[in-house]
Amino acid sequence: RKEPFAPLDPNNVRMYVCGPTVYDYAHIGNARPVIVFDVLFRLLRHIYGPEHVTYVRNITDVDDKIMERARERGIAIDELTERTSAAFAEDCDRLGLVRPDREPRATRYIGPMLELIAHLEAKRLAYRGANGDVFFAVRDFPGYGKLSRRNLDDLRAGERVAIEVAKRDPLDFVLWKNAKPGELSWPSAFGAGRPGWHLECSAMSCRELGETF
């Protein structure tokens, strides 16, 4: 349904958008959400004033696809992500889009991600699997699916990716991936690894805009 937009603070309207995973050049479909949120950003600035609106859009620069593409091309991960991030910015400029106020990169927020995982584990919403990965326990969080209005029993897991035997429930997803020898990794209390699904935007948005933005 339609509802009037009422910001928590009219003098500090905050907007976070999940940005690109920079493993390859953007295609025309990737432009759609960027344009949609650009329109929203312009509208909010028009209503509340440019000085009162903050637009944050992240860059995912650590991901299995990134690692695989770097291996395929025989180049360093940093070289791939820098080149692809620059190309994405050029595409946005060609479309006449306004640059976000901030563009945090996932690799610079590993610490906040690990803090968030530890917080979830302390609340018994995350657990360590036998394979070394850390998973989010979907069914243990009563509000899961509320925003999307999805019933957990109606969700079907395993259609896009193989269901991992280390999971307690097929719907659970990886927060921290245990690194195999030679893979990109960071040290942590959970073992050397890298971020998994759905984690980085939670950590970056809270750090950049506050937990209640």
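**Group meeting: a first walk through the model**

In this protein, confidence is lowest in helix H5, at a mean of 94, and highest in strand E2 (residues 53-57), at 98; the score here is pLDDT, the predictor's confidence in each residue, from 0 to 100. Helices (H or I, at least four residues) and strands (E, at least two) are DSSP runs, numbered from the N terminus. I should say early that this is a predicted model, in which local features need pLDDT of at least 70 and side-chain atom pairs count only at pLDDT 80 or more, while totals for chains, interfaces and linings use all residues. Residues are numbered from 1 along each chain as its sequence is written, and side-chain values use heavy atoms, with hydrogens and water left out. The mean pLDDT of the protein is 92, and 96% of its residues reach 70 or more.

Let me turn to the interior. The largest nonpolar core (buried Ala, Val, Leu, Ile, Met, Phe, Trp, Tyr and Cys residues joined through side-chain atoms within 4.5 Å) has 27 residues, and those with the most contacts inside it are Met 113, Ile 117, Phe 136, Leu 175 and Trp 176. At least two residues of this core come from each of helix H4 (110-122), strand E4 (134-136), strand E5 (173-178) and helix H5 (200-209), and H4 gives the most, with five residues. Apart from this core lies another, of eight residues, among them Met 15, Leu 44, Val 53 and Tyr 55.

Two of those contributors also meet as strands, since E4 and E5 pair in the antiparallel sense over three bridges, where pairing requires that DSSP finds at least two bridges between the strands. Phe 135 has Val 174 in E5 as its bridge partner. E5 pairs with strand E6 (residues 193-195) too, in the antiparallel sense and over three bridges, and there Trp 176 stands opposite Pro 195.

Finally, the charged pairs: the structure holds 18 salt bridges, each a side-chain nitrogen of Lys or Arg within 4 Å of a carboxyl oxygen of Asp or Glu. What does the salt bridge between Arg 102 and Glu 208 tie together? The closest N and O atoms of Arg 102 and Glu 208 are 3.0 Å apart, and because Arg 102 lies in the loop between H3 and H4 and Glu 208 in helix H5, the pair ties together parts that are 106 residues apart in sequence. Arg 102 is partly exposed, at 36% relative accessibility, whereas Glu 208, at 18%, counts as buried; buried means under 20% relative accessible area, exposed over 50%, and partly exposed in between (1.4 Å probe, protein chains only).
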